Amino acid sequence: MNEKQAFESVKKQLKQARYDHTVRVVETATKLCERYGQSVEKVRLASILHDYAKYRPSGEMKNVIKTTEWLSDDWCNYGEAILHAPAGAALIREELGITDEEILHAVVFHTTGRAGMSEIEKIVYLADYIEPGRKFPGIDDVRDASEQSLDYGCLIALSNTVTFLISKGHPVYPDTIHAYNELLKTRGLK
Ligand code: DGI
Ligand code: FE
Ligand code: FE
């Protein structure tokens, strides 16, 4: 699947504002690739497709997750906001024929992160967080950290996310905590 086909496929799945977000994620991810010496092809395809399942009904997403053997059922136990990431990976495989594991993993973990993220996964995770349309509290700290290194950018994003989820009383998916702990060990918060 080339980029033009991927953009056309995803446009049919998304509302205009979400499609516009997707375009900004692709642009932001491309800049991160240039800065950190990563080839763009897989990162751009994963970025185009990362929110493919965003508007599927949660029952359908849970069903997709439970019937996909390479996805853990545990994704279904932490609220609805994270479902579109693993469900999206399963659906781009089934509906669009994407089988590249690096692309599928980048989509699976774009919301939560995980310990042992590849460079491709880190770039998609961060680009989704810092694209210029985002206005979270603390977003500028994550943008500054992303200029220092991918690991530091991801660490500050994960730290913000964990703080946000706890402040709202939301559950935290275990991979988010594992990713935070791993990067804290390698980099440390300043
Ligand atoms: O899909 P986007 O809006 O572009 O962004 P996203 O895929 O990062 O999803 C953001 C949402 O996911 C936001 O509501 C916070 C939530 N989220 C992120 N990590 C976790 C989480 N929710 C739970 N319950 N647990 C997590 O670890
Ligand atoms: Fe998302
Ligand atoms: Fe997104």
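Which residues coordinate the iron ion (ligand 2)? Keep in mind that you are looking at a predicted model, then select ligand 2 and find out.

**Stop 1: the iron ion (ligand 2)**

Show the side chains of Asp51, His84 and His110. Asp51 coordinates through OD, while His84 and His110 each use NE2, at 2.1 to 2.2 Å. Along the sequence, these donors follow the pattern D-x32-H-x25-H. The two histidines come from distant parts of the chain: His84 sits in helix α5, whereas His110 belongs to the loop between α6 and α7, 26 residues apart. Colour by accessibility if you like. His84 has a relative accessible area of 5%, so it is buried, and His110 is buried too, at 2%.

**Stop 2: across to the iron ion (ligand 3)**

Stay on Asp51 and look to its other partner. Asp51 bridges the two iron ions, ligand 2 and ligand 3, which lie 3.5 Å apart. Now select ligand 3 and bring up its protein donors: His21 (NE2), His50 (NE2), Asp51 (OD) and Asp128 (OD), lying 2.2 Å from the ion. Their spacing along the chain reads H-x28-H-D-x76-D. Buried or exposed: which is His50? Its relative accessible area is 0%, so His50 counts as buried. Asp51, the bridge, is buried as well, at 2%.

**Stop 3: ligand 1**

Next, select ligand 1 and show what is around it. You should find 18 surrounding residues, and the closest are Arg18, Lys54, Tyr78, Thr111 and Arg134. Try a few distances from the oxygen atoms of ligand 1:

- To an N or O atom in the Lys54 side chain, there is a distance of 2.7 Å.
- To a polar side-chain atom of Arg134, you get 2.7 Å.
- To an N or O atom in the side chain of His110, the distance is 3.0 Å.

His110 is a residue you have already met, as a donor to the iron ion (ligand 2). Turn on a surface here: on its own, ligand 1 has 570 Å² of accessible area, and the protein covers 82% of that.

**Stop 4: helix α6**

Now pick residues 101-108, which make up helix α6. Just before them is Asp100; a side-chain oxygen of this residue reaches to within 2.9 Å of the backbone nitrogen of Glu102, at the start of the helix. Which residues of α6 are buried? Ile103, Leu104, Ala106, Val107 and Val108 are. To see what covers them, add some neighbouring helices, including α3 (40-49), α5 (84-96) and α7 (119-130).

**Stop 5: the aromatic rings**

Finally, hide everything but the Phe, Tyr and Trp rings. How many aromatic pairs does a search of the whole structure find? It turns up five. Start with Phe7 and Tyr19, an edge-to-face pair with 6.2 Å from centre to centre and 70° between the planes. This one links distant parts of the chain, with Phe7 in helix α1 (residues 3-13) and Tyr19 in helix α2 (residues 16-36), twelve residues apart. Both rings belong to buried residues.

Then jump to Tyr129 and Phe136. Their ring centres are 4.9 Å apart and the planes meet at 65°, so this pair is edge-to-face. Tyr129 is buried at 11% relative accessibility, but Phe136, at 32%, is partly exposed.

For your last selection, take Trp75, Tyr78, Phe109 and Tyr173, which ring pairs link into a cluster. Tyr78 should look familiar, as one of the closest residues to ligand 1.

Technical notes: Residues are numbered from 1 along each chain as its sequence is written. Chains are lettered from A and ligands numbered from 1 in the order in which they are written. This is a predicted model: local features need pLDDT of at least 70, side-chain atom pairs count only at pLDDT 80 or more; totals for chains, interfaces and linings use all residues. Side-chain values use heavy atoms; hydrogens and water are left out. Buried means under 20% relative accessible area, exposed over 50%, partly exposed in between (1.4 Å probe, protein chains only). Helices (H or I, at least four residues) and strands (E, at least two) are DSSP runs, numbered from the N terminus. Contact means heavy atoms within 4.5 Å. A polar contact is a pair of N or O atoms within 3.5 Å; within protein, one must be able to donate a hydrogen and the other to accept it, and residues adjacent in sequence count only if both atoms are side-chain atoms. Donors are N, O and S atoms within 2.8 Å of the metal (3.2 Å for Na, K and Ca); water is not among the atoms, so sites may look incomplete. A residue is near a molecule or strand if one of its heavy atoms lies within 4 Å of it. Accessible areas come from the Shrake-Rupley method with a 1.4 Å probe; for residues, only the protein chains shown count as cover. Rings of Phe, Tyr and Trp (its six-membered ring) pair if their centres lie within 6.5 Å; planes under 30 degrees apart count as stacked, over 60 as edge-to-face and the rest as tilted.
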